[in-house]
Amino acid sequence: MVLIRRAEERIAEMVESGEVRCPCHLYIGQEAIAAGVCAALRAEDTVWGGHRSHGHYLAKGGSLTGLFGEVLLKSTGCAGGRGGSMHLAATEVGIFGTVPIVAGTVPLAAGAAFAYKMRGEDTVAVAFFGDGALEEGHVHESMNLAALYHLPLVLICENNLYASHMHWSERRVADNLHRAGEFHSVPGERADGNDVGEVYRAARRAIERARKGEGPTLMECRTFRWRGHVGASFDLDVGVERQGELAEWLLRDPLKRLTDQLIERGVGDLALREQAIDLRISGAVAAARCASHPSPAQAEAACAR
Amino acid sequence: MRTLNYAQAIREAHAQLLALDSRVFVVGQGLWSPWYAGSSLEGLDREFGCARMVDSPVSENAVTGMAVGAALAGLRPIVFHPRMDFMLLAMDPIVNQAANWSYLFAGGGVPLVIRAVINRGGEQGAQHSQALHAMFMHVPGLKVVMPATAYDAKGLLMAALEDPGPVLYIDDRWLYAETGEVPVEPFTVAIGEAAVRRRGSDLTLIGVSWMAAECVRAAGILEREGIDAEVIDLRTLKPWDKQLVAASVSRTRRAVVADGGWRTAGAAADIAAEITERVFDNLLAPVIRVTLPDAPAPASSAEETAYYPGAERIASAARGLVERNVKRVAA
């Protein structure tokens, strides 16, 4: 969680300075969800994400040099500098690709789960998406398919209350996303997305259920993003100010809650670990700055294959 | 060699692919019903089991997306759309996801075959008749094949599955009864290679799928009138065989491009433009397109007859091209 927070704070600085130009959708404030879910996964399990996936990428084990290379669109980036912040991949740790079409990877995650089931493996696919994604038809189609075929799929809805600039109450009549799977016989669960322990325990139940062949689960994790829909600014969200709400949610900082618990339990070297993380981030940034951009000819070559 | 019809050739390709490679499965609407697939998938559910012949709910978008994900996870899916019209609901997984993936995520092609059926005529109306291949040939990262013969129907499907993908395989119900010699053993037809169906010297007729078959018939009509037409069946629409077409037209110096899609921004428009860019100095006349009008498919048989161009209209365009030069030389 510290790694995600610190890396994204660094990206936010680079967005503000103009060094990072590709659209960055920051995850700050939601770190407990990626960290809690991925802690319950095995290395071979796959994770599918969207436009706001720096956290998923790092939590599953994607490299810092790959992340910074990608946001700077360098050939050392995790997608070879061809995608940017919204297109992260690390197949070696189970991330085939994240994409910014809302919930675009949810059917793909179901397909990966279909492959695991067909091969008789006990691997699990996890689809991360936001609350706006449940307004997409293909998410409901995917839930039906996953339930029908008993797929090892876990659906993690990170409900940060806003889809871009729109509060949930402007988009839905009822605050009931955890029940969105009921019609498809996909059981739902609601968790405090700012409590990493609670997320971990709920995710573990859903993942074990999937692994045992009992089918998909929908988890709604309640949270709030501190920054705007896109970009680094705190209070201005594509033209909408959310200062009042943000002040409340800052008090529920998932990272502070975790560190307080750790200190309470006597884990002593936190500052040292954070320093080590900062050093790794600085190294990744420096490496990305030195790297070259991909050659334009790669695009046509990729399509001609 | 023995004779199969086009639908039997498609079925045989599926059967052999399913038998040879345990990663192959077919998913889509209507796999267990001849109403949707004709005889092109007949009995495969019984032969290979419903777990590999997955007749799916009508969720074109998520089913296609699921096939993309399964391909990324190591399977070799063939996703089936019994009418191309329905496939429009799956534009995101085809265009945004599958087609972009191999570029975006280094080295990661999507080994996926998307099979779409053009199933027009029979008074089915505007949303059961569309030939939308031009929309998809527009998309970088997507290959589009459209067989016109039984031989190619088998060979191109087997090639599509071998390809790092994604490949859109479009077959046409109007061709299902066409017969031809097809090898029993598995074989592939190279994606991107056109075939010369008839040698000729006066002009080149270029078509794909159903219209390639109509071009062959048109050449027969023209032959009786003393016009010697060369016929090229493109077989693959993306990437189409520009070299073969350019070489032929630079020799015959006239070309008619026949396409079963709409005129504006259609496949024929792209082919005509490319010919003009490549061999303009050799041309005796402008390249002529024979296409559908820019209008939705009608429903009544009478209107359908007028709407769909065939051999007669291709022959008429060819005649016009040849006469045009005769008049010009005379003047």
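Two residues are in contact if their C-beta atoms, placed from the backbone, lie within 7 Å. With that cut-off in hand, the structure can be read one boundary at a time. The model is predicted.

Chain B is a convenient place to start. Its domain assignment gives domain 1, residues 2-182, and domain 2, residues 195-330. Taken over C-alpha atoms, the centres of domain 1 of chain B and domain 2 of chain B are separated by 27 Å. How many residues of each domain are in contact with the other? There are 25 in domain 1 of chain B and 21 in domain 2 of chain B. On the domain 1 side, four elements of chain B each supply at least two residues: helix H6 (133-137), strand S6 (143-145), helix H7 (150-162) and strand S7 (167-172). This side of domain 1 of chain B divides into 14 nonpolar, five polar and six charged residues.

Chain B also touches chain A. Here 31 residues of chain B are in contact with 32 residues of chain A. The elements of chain B that give two or more residues to its side of this boundary are helix H4 (60-72) and helix H5 (91-104). The largest share comes from H4(B), with 10 residues. By class, the side of chain B that touches chain A has 19 nonpolar residues, 11 polar residues and one charged residue.

The next stop is inside chain A, at strand S7 (residues 217-222). Is this strand enclosed or open to the outside? Six of its six residues are buried, so S7(A) is largely enclosed by the rest of the structure. In a regular strand the side chains alternate between the two faces of the sheet. In S7(A), A:Thr217, A:Met219 and A:Cys221 point one way, while A:Leu218, A:Glu220 and A:Arg222 point the other way. All of these residues are buried, whichever way they point.

S7(A) has partners in the sheet. Strand S3 (residues 153-159) of chain A runs parallel to S7(A), and six bridges join the two. Within this pairing, A:Cys157 has A:Glu220 of S7(A) as its bridge partner. Strand S6 (residues 188-192) of chain A also pairs with S7(A) in the parallel sense, over five bridges. In S7(A), the residue opposite A:Gly188 is A:Leu218. How does the chain get from S6(A) to S7(A), and what is the hand of the crossover? The chain passes through helix H7 (residues 196-211) of chain A, and this β-α-β crossover is right-handed.

Terms used
Residues are numbered from 1 along each chain as its sequence is written. Chains are lettered from A and ligands numbered from 1 in the order in which they are written. This is a predicted model: local features need pLDDT of at least 70, side-chain atom pairs count only at pLDDT 80 or more; totals for chains, interfaces and linings use all residues. Ala, Val, Leu, Ile, Met, Phe, Trp, Tyr, Cys and Pro count as nonpolar, Asp, Glu, Lys and Arg as charged, and the others, Gly among them, as polar. A residue is buried if 20 or more other C-beta atoms lie within 10 Å of its own, exposed if 12 or fewer, and partly exposed in between; C-beta atoms are placed from the backbone. Two strands pair if DSSP finds at least two bridges between them. A crossover is right-handed if, with the strands pointing away from the viewer, the path from the first strand over the helix to the second runs clockwise. Domain bounds come from an automatic or database domain assignment.
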